[in-house]
Amino acid sequence: MAGLRTGGDGVSRCWWAGSDPLMLAYHDDAWGRPERNPTMLFELLTLESFQSGLSWITILRKRQAFRAAFGGFDAARVAAYGEEDVQRLLGDASIVRNRAKIEAAIANARAIDALDRPLAEVLWEFAPPPRPRPSDGDEIPAATDDSQALSRELKRRGFRFLGPTTVYAFMQAAGLVDDHVAGCERAP
């Protein structure tokens with residue numbers, strides 16, 4: 001696995017950003033930035049669960065369609081979805097049509113609705129202290145003790161389709177952990 005890749009613009013980035021403009025923008029403007037907005041957190045949890053088994057670029061290319069299909073990721077709105085909405089989503093070719101993932105997104109919205117405190121508090125409680133910056137992708141784990149603990153807590157609270165690996169990818173995306181490799185221009 002590589003560490004850095006220098007793009008045609010002369011910017012050194014994490015290797016995974018590649019050269020696709022959508023991936024570059026995601027890397028530069030979103031990935032690893034601390035996120036506390038509940039709508040964005042629900043969006044990231046949902047997109048990471050839909051990504052399971054697929055490439056992230058597939059999800060990024062469908063992100064706007066997901067936003068439209070899931071009511072702008074308004075958790076209260078999605079929590080009210082019923083079987084008619086599941087059927088609508090299963091028929092929507094602009095998103096990933098997987099019944100288990102669709103039903104999990106709705107269940108997760110309901111779990112957010114039932115929380116006894118803000119979603120950001122629940123999630124950020126599991127953010128580990130900063131660790132040394134990885135020098136390459138081989139030093140980045142697929143899951144950690146923290147992502148396993150957060151996954152267990154989310155499952156306890158009624159969330160679905162959020163195992164430790166998916167949760168770790170979410171933690172990276174939402175900035176709970178910072179896995180930009182050493183030398184990446186987006187690393188603080």
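**Close-up views of a predicted model**

Phe70 and Phe73 are both buried (under 20% relative accessible area, with over 50% called exposed and values in between partly exposed; 1.4 Å probe, protein chains only). The structure is a predicted model, in which local features need pLDDT of at least 70, side-chain atom pairs count only at pLDDT 80 or more, and totals for chains, interfaces and linings use all residues. Residues are numbered from 1 along each chain as its sequence is written, and side-chain values use heavy atoms, with hydrogens and water left out.

**View A. Aromatic cluster around Phe70 and Phe73.** Phe42, Phe50, Phe66, Phe70, Phe73 and Tyr81 make up one aromatic cluster. Across the whole structure, 9 aromatic pairs are found (ring centres of Phe, Tyr or the six-membered ring of Trp within 6.5 Å; planes under 30 degrees apart are stacked, over 60 edge-to-face, the rest tilted). Phe70 and Phe73 form a stacked pair, with 5.9 Å centre to centre and 10° between the planes.

**View B. Surroundings of Phe42.** Phe42 belongs to helix α2 (helices are DSSP runs of H or I, at least four residues, numbered from the N terminus). Its relative accessible area is 1%, so Phe42 counts as buried. Beyond its neighbours within four places in sequence, Phe42 is in contact (heavy atoms within 4.5 Å) with residues including Phe73, Val78, Ala105, Ile112 and Leu119. Another contact of Phe42 is Ala109; the C-alpha atoms of these two residues are separated by 7.6 Å, although they lie 67 residues apart along the chain.

**View C. Helix α7 and its cover.** Helix α7 (residues 99-113) has 15 residues and reaches 21 Å from its first C-alpha to its last, close to the expected 21 Å (1.5 Å times one less than the number of residues). Among its buried residues are Lys101, Ala105, Asn108, Ala109 and Ile112. The cover over the buried residues includes α2 (38-51), α5 (75-79), α6 (83-90) and α8 (119-124). At the start of α7, a side-chain oxygen of Asn98 lies within 3.0 Å of the backbone nitrogen of Ala100.

**View D. Arginines over aromatic rings.** Arg36 lies over the face of Trp124, at 4.1 Å from the ring centre (the criterion is NZ of Lys or CZ of Arg within 6 Å of the centre and within 35 degrees of the ring normal). The charged end of Arg88 sits over the ring of Tyr81, 5.3 Å from its centre.

**View E. Positive phi at Phe73 and Phe161.** Phe73, in the loop between α4 (63-69) and α5, has a positive phi of about 60° although it is not a glycine. Phe161, in the loop between α9 (145-156) and α10 (164-173), has a positive phi near 60°. Phe73 is buried at 0% relative accessible area, whereas Phe161 is partly exposed at 35%.

Definitions and conventions: Helices (H or I, at least four residues) and strands (E, at least two) are DSSP runs, numbered from the N terminus. A polar contact is a pair of N or O atoms within 3.5 Å; within protein, one must be able to donate a hydrogen and the other to accept it, and residues adjacent in sequence count only if both atoms are side-chain atoms.
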